[in-house]
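Colleague: Before we discuss anything, could you put the model up so that we can go through it feature by feature?

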Amino acid sequence: MTSSVTPDEWAWRVVGDDEPAWRLSWLPNQLTREQAWAGMQLQEILSHPAPASDHDAHARALSDQLGLTVQQTLHLLHQRMLDRRHS
């Protein structure tokens with residue numbers, strides 16, 4: 001899965017594994033397809049320039065599917081951005 005909004009992040013299926021068999025570029029845990037889709041939607045929402053409050057409830061629901069808070073997700077995405085800049 002890729003995003004036209006945030007092309008630096010993606011999800012992929014781990015070949016040969018049973019579910020959960022998906023990974024996100026910014027989260028090391030193996031996920032179900034539904035969780036990977038939630039993660040892709042979440043990173044698009046959090047990368048959008050609109051104020052976070054416009055999407056708070058939706059972002060919280062998506063984060064919950066990943067077992068994270070919105071703050072934890074923001075931290076992971078920010079760290080990934082910093083890692084890309086310094087590599």
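Modeller: At 37% relative accessibility, A61 counts as partly exposed, because that class lies between buried (under 20% relative accessible area) and exposed (over 50%), with a 1.4 Å probe and protein chains only. A61 is found in helix α2, where helices (H or I, at least four residues) and strands (E, at least two) are DSSP runs numbered from the N terminus. This is a predicted model, in which local features need pLDDT of at least 70 and side-chain atom pairs count only at pLDDT 80 or more, while totals for chains, interfaces and linings use all residues. Residues are numbered from 1 along each chain as its sequence is written, and side-chain values use heavy atoms, with hydrogens and water left out.

Colleague: At what angle do helix α1 and helix α2 pack, and how far apart are their axes?

Modeller: Two packed helices are described by the angle between their axes and the distance between the axes. Here α1 (residues 33-47) and α2 (residues 56-66) pack at about 140°, with axes 9 Å apart; axes are lines fitted to C-alpha atoms, for helices over the stretch in contact, and angles run from 0 to 180 degrees between N-to-C directions.

Colleague: Which residues in α1 meet α2?

Modeller: Taking contact as heavy atoms within 4.5 Å, the α1 residues include L42, I45 and L46, and those they meet in α2 include A59, L62 and L66.

Colleague: In what order do the strands of the sheet lie?

Modeller: Strands pair if DSSP finds at least two bridges between them, and in this open sheet 3 strands follow the order β1-β2-β3 with antiparallel pairing. The edge strands, each pairing on one side only, are β1 (11-13) and β3 (27-31).
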